[in-house]
Amino acid sequence: ISLAGLVCLILRFLLNIYMLTKDTLASIPSMIIAVAVLLFMGTFIGWGFIQSDFDYENISGEPIQLFVGGEEGYDIFRIPSLLIIPAGSALANGDVVEDDLVLAFAEGRHNGSLDNGDIDLVVKRSLDGGKNWNELVEVRAWENGLGKIGNPTPVFDPVTGIIHLFHIGGGEKMTTWIMTSEDGGANFGELVELGDGIVGPGHGIQIRHGDFAGRLLIPYHISG
């Protein structure tokens, strides 16, 4: 329905309320109800304009598809995760990020959309805030035959300049692992298995204030 049509419906509704109640003592409460309805519907109209602004006017440039199923050696990509390292951040290797450094992680699935099977953890990097992207890189594949590496959950520590990449991996049983990068995700170092439980997917955060400032928080689930 158009905005003009919605306004006409509201005005007709108010007129009907008035005609039904103008000769009764209930006219004032009825008009209060009508005004409340008007305000309620007006909220949706206003939110529509705000949402429209969010959807279109705040996008800089043309949207691009980073991961396309059937390309780059994979049937499908799922479970994306985005990490942004702000311009000016110091990395652990001593480099300073000149423009926003963006890392887009995903699961690269070889066997269609199945949640289990031959699944790798992949990443693409942008050194200029998402305007241009490097080629897809395999971060990790399961080392012991058929298995899955997934649920990427990265978090950047601006104090140390290290990216912590939490993820799950395994064959029949999934456990949580971590690997780190000191050069903005160009390379990831030694694997450490953290044990049972499922991390992510999504990303982590770092506490900035209070007694626990500097601590990293990640979504993590363990049953039993």
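I'll start with Arg 140, which is buried, with a relative accessible area of 3%. Before I go on, please keep in mind that this is a predicted model.

Arg 140 has a charged side chain, so what does that side chain meet? One partner is Glu 143: the two side chains form a salt bridge, 2.8 Å from N to O. Glu 143 itself is partly exposed, at a relative accessible area of 44%. The other neighbour to mention is an aromatic ring. Arg 140 lies over the face of Trp 177, and the distance to the ring centre is 4.3 Å.

Next, the other salt bridges. How many salt bridges does the structure hold? There are 7. I will go through a few.

Glu 72 is paired with Lys 124, and their closest N and O atoms are 3.2 Å apart. Glu 72 sits in the loop between α2 and β1, while Lys 124 is in strand β3, residues 119-126, so this salt bridge ties together parts that are 52 residues apart in sequence. As for accessibility, Glu 72 is partly exposed at 34%. Lys 124 is buried, with a relative accessible area of 9%; the cut-off for buried is under 20%.

Another salt bridge joins Lys 173 and Asp 196, with 3.1 Å between the closest N and O atoms. Where do these two residues lie? Lys 173 is in the loop between β6 (162-170) and β7 (174-181), and Asp 196 is in the loop between β8 (192-195) and β9 (198-199). The pair therefore ties together parts that are 23 residues apart in sequence. Lys 173 counts as exposed, at 54% relative accessibility, whereas Asp 196 is partly exposed, at 42%.

There is also a network. Arg 78, Glu 107, Arg 109, Asp 115 and Lys 148 are joined into one network by salt bridges that share partners.

Now the aromatic rings. A search of the whole structure gives 4 aromatic pairs. One of them is Phe 67 with Phe 77, a tilted pair with 5.2 Å between the centres and 40° between the planes. Phe 67 is in the loop between α2 (27-57) and β1, and Phe 77 is in strand β1, so to speak 10 residues along; the pair links distant parts of the chain. Is Phe 77 buried or exposed? Phe 77 is buried, with a relative accessible area of 13%. Ring pairs also bring in Tyr 74, giving a cluster of Phe 67, Tyr 74 and Phe 77.

On to a pocket, the second largest one. The space in it is about 230 Å³. Which elements each supply at least two residues of its lining? They are β1 (76-85), β5 (148-157) and β10 (205-206). Among the lining residues are Leu 83, Ile 84, Val 155, Phe 156, Ile 205 and Gln 206. The lining also includes Pro 86, Pro 158, His 203 and Arg 208. Sorted by class, the lining has 7 nonpolar, 4 polar and 1 charged residues.

Last, a residue from strand β2, residues 101-109: Val 102. Val 102 is buried, at a relative accessible area of 6%. From Val 102 to Lys 131 is 29 residues in sequence, and 9.8 Å in space from C-alpha to C-alpha.

That is the end of my part.

Key: Residues numbered from 1 in each chain as written. Predicted model: local features only at pLDDT ≥ 70, side-chain atom pairs only at ≥ 80, totals over all residues. Heavy atoms only, no water. 1 Å grid on protein atoms, 1.4 Å probe; cavity = no way out; pocket = protein on both sides within 12 Å on 5 of 7 lines; lining within 4 Å. Points joined across faces, edges and corners; volume = space filled by probe spheres on them. Helix = DSSP H or I, 4+ residues; strand = E, 2+ residues; numbered from the N terminus. Nonpolar A, V, L, I, M, F, W, Y, C, P; charged D, E, K, R; others polar. Phe/Tyr/Trp six-rings, centres within 6.5 Å; stacked < 30°, edge-to-face > 60°. Buried < 20%, exposed > 50% of the residue type's maximum accessible area, 1.4 Å probe, protein only. Lys NZ or Arg CZ within 6 Å of the ring centre and 35° of its normal. Salt bridge = Lys/Arg side-chain N within 4 Å of Asp/Glu carboxyl O.
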